[in-house]
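Good morning, colleagues. Please bring the structure up on your screens, and I shall take you through two parts of the fold.

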Amino acid sequence: MGQLLVALDVESGARALELTRLLRGVVDGVKVGSRLFTLEGPTLVRQLVDAGAKVFLDLKFHDIPNTVAQAVEAAVLTGAWMINVHASGGVPMMQAAARAGAEAAARAGRPRPLIIGVTVLTSMDQATLREGGIDRSVLEHVLALARLAQQAGLDGVVASPQETAAIRAAHGPTFAIVTPGIRGASAGAEKNDQTRTMGPAEAVKAGASYLVVGRPIIGAPDPRAAAAAIVAELGIGDQGSGIGDRGSGIPDP
Ligand code: C5P
């Protein structure tokens, strides 16, 4: 499985489908966030899945366990490959999500989606944590939430590339670590609003399982070339006869 997921942070389902087709064979999956989902709903997720894309449904559920379980069940019915919940929702909430994901997938005869816990948002720092009554460091808090996510039976976490090495060291090789905040090297010099960033190869070296990259790809004049440059940096772009042959989540037509 490849590692590059593109964040479809765009204004319409039509553009999301167009980008997905354009990036076919280069990226390994697409991320649908709350804006696109609120605009276009589960129909778009199903269209992307039908187009052969692996879809990371990034809706960051955070509610009482029963409500999160029902939301996860609904997400499974869209065919999403990866779903996330806030780890700060607590172990019972995460356990309910994991159970609902497995049960709903079994009922629907589909593969179980990966369920990932969001640790600390990359927009938060020590001061924001302290305002919320959390006195430990960002790293300690991320590690504590990752521990709870694993305890609850989740498949991994979302974390900034800066915390990836420590999470990998604590949780072993099979725990999925999804990292946004990818900038520098082939992902370009423009940081936008991301602060704690790392280059693609550097993040993978630190232990990232999947990289989520948005604006460096979708905002590029040639998104396919921008994605291909990242794949090449990851050292997997030169296998086979071309980038369309990698057996990625979005097969060539
Ligand atoms: O455009 P950019 O590469 O910054 O996109 C990163 C994507 O990852 C965006 O969709 C953003 O919402 C998401 N994300 C993030 N930081 C988190 C969680 C998600 O940047 N902690």
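I begin with strand β1, residues 4–7, in what is a predicted model. Its side chains alternate: L4 and V6 point one way, while L5 and A7 point the other way. Are these residues buried or exposed? All of them are buried.

Next, the neighbours of this strand. With strand β8, residues 210–213, β1 pairs in the parallel sense over three bridges. Within that pairing, L5 stands opposite V212 of β8. Strand β2, residues 29–32, also runs parallel to β1, and three bridges join the two. Here the bridge partner of L5 is G29 in β2. L5 therefore serves as a convenient reference point on the screen, with V212 in β8 and G29 in β2 as its partners under definition of pairing.

How does the chain travel from β1 to β2, and which helix does it pass through? The path leads through helix α1, residues 13–22, and the resulting β-α-β crossover is right-handed.

I turn now to a pair of helices. Helix α3, residues 65–77, and helix α4, residues 91–108, have axes that come within 8 Å and cross at roughly 35°. The crossing in which α3 passes α4 is right-handed. On the α3 side, the contact is made by P65, V68, A69, V72, E73, V76 and L77. From α4, the contributing residues include P92, M93, A96, A97, A100 and G101, and also A104, A105, R107 and A108. Sorted by class, this contact has 14 nonpolar residues, one polar and two charged.

Methods
Residues are numbered from 1 along each chain as its sequence is written. This is a predicted model: local features need pLDDT of at least 70, side-chain atom pairs count only at pLDDT 80 or more; totals for chains, interfaces and linings use all residues. Side-chain values use heavy atoms; hydrogens and water are left out. Axes are lines fitted to C-alpha atoms, for helices over the stretch in contact, and angles run from 0 to 180 degrees between N-to-C directions. Helices (H or I, at least four residues) and strands (E, at least two) are DSSP runs, numbered from the N terminus. A crossing is left-handed if the near helix is turned anticlockwise from the far one by less than a right angle, and right-handed if clockwise. Contact means heavy atoms within 4.5 Å. Ala, Val, Leu, Ile, Met, Phe, Trp, Tyr, Cys and Pro count as nonpolar, Asp, Glu, Lys and Arg as charged, and the others, Gly among them, as polar. Buried means under 20% relative accessible area, exposed over 50%, partly exposed in between (1.4 Å probe, protein chains only). A crossover is right-handed if, with the strands pointing away from the viewer, the path from the first strand over the helix to the second runs clockwise.
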